[in-house]
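Thanks for coming. I will go through one model this morning, beginning with its strands and ending with the empty space inside. Please have the sequence and the structure open.

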Amino acid sequence: MALQFREAHAAPEKKRINEEYFVLENDGATAVNTARLQVISTRVPRPGQKAPRGSMLGVIDPGFMLQPGEKILVVSGVPGKKSHGEPPAREGMRTYHLFQQEALLAAPGTVIKLALNQLEVAKLIYDPKAPKGVVPAGSETPVEES
């Protein structure tokens with residue numbers, strides 16, 4: 001699968017998790033079905049440490065189809081919950097909610113993975129100082145915490 005995280009934006013306040021979102025893109029040549037993908041959260045390991053396994057936060061169900069070149073906004077919160085804030089909207093992009101009860105991007109170095117049967121499909125390393133909040137692919141260096 002050719003899913004890529006293009007952007008990551010943390011919630012401005014702890015409780016406003018509908019304002020935390022990711023932009024996910026299908027940069028492959030065929031359509032991708034995200035049904036049954038696991039959402040996993042972990043941290044970038046410190047030098048000399050073994051990579052942590054991570055915690056499964058949920059499963060994308062029923063999922064959505066992404067056509068080649070299509071992008072989608074993936075929002076952490078619950079759509080109807082006013083206390084979670086107003087979810088973003090971008091012209092030409094659909095929105096998918098993860099129905100989480102707390103923010104996923106807690107600190108720099110947070111890793112969000114999408115996996116199917118323990119096979120990693122997409123990976124995001126969050127760095128608020130990086131362009132669009134995403135550490136470039138292939139850069140596995142630890143992110144300094146503020």
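In what order do the 4 strands of the open sheet run? The order is E1-E2-E7-E8, and the pairing in this sheet is mixed. Strand E1 (3-9) and strand E8 (94-97) are the edge strands, each pairing on one side only. From one strand to the next, the twist averages 30 degrees.

Before I go on, a caution: this is a predicted model.

Now one pair in that sheet. E1 and E2 run antiparallel and are joined by 6 bridges. If you want a single place to look, take His9, whose bridge partner in E2 is Tyr21.

Stepping back to the chain as a whole, there are 10 strands and 0 helices. Read from the N terminus, the elements are β-β-β-β-β-β-β-β-β-β. The radius of gyration is 15 Å, close to the 15 Å that the globule rule gives for 146 residues, so the chain is as compact as a globular protein of that length. Along the principal axes, the C-alpha atoms fill a box of roughly 40 × 40 × 25 Å. As for burial, 45% of the 146 residues count as buried.

Next, the empty space. Rolling a probe the size of a water molecule over the atoms shows where such space is left.

How many cavities of 30 Å³ or more does the structure hold? The count is 1. The largest cavity has a volume of about 60 Å³. What lines it? The residues are Phe5, Phe22, Leu24, Val39, Ile60, Val74, Leu98, Leu104, Ile112 and Leu114. By class, that lining has 10 nonpolar residues, no polar ones and no charged ones. Strand E2 (21-26) supplies at least two residues of the cavity lining, and so does strand E9 (110-116). E2 also belongs to the open sheet I started with.

Then the open space. The volume of the largest pocket is about 360 Å³. Its lining is made up of 18 residues, and those nearest the pocket centre are Lys14, Ile17, Glu102, Ala103 and Leu104. Which classes make up the lining of the largest pocket? It divides into 8 nonpolar, 5 polar and 5 charged residues. Set beside this, the lining of the largest cavity has no polar and no charged residues.

One residue to mark on your screens is Leu104. It appears in the lining of the largest cavity, and it is also among the residues nearest the centre of the largest pocket.

That is the end of my part.

Terms used: Residues numbered from 1 in each chain as written. Predicted model: local features only at pLDDT ≥ 70, side-chain atom pairs only at ≥ 80, totals over all residues. Heavy atoms only, no water. 1 Å grid on protein atoms, 1.4 Å probe; cavity = no way out; pocket = protein on both sides within 12 Å on 5 of 7 lines; lining within 4 Å. Points joined across faces, edges and corners; volume = space filled by probe spheres on them. Nonpolar A, V, L, I, M, F, W, Y, C, P; charged D, E, K, R; others polar. Pairing = 2+ DSSP bridges. Axes fitted to C-alpha atoms, helices over the stretch in contact; angles between N-to-C directions. Rg over C-alpha atoms; globule rule 2.2 N^0.38 Å. Buried < 20%, exposed > 50% of the residue type's maximum accessible area, 1.4 Å probe, protein only.
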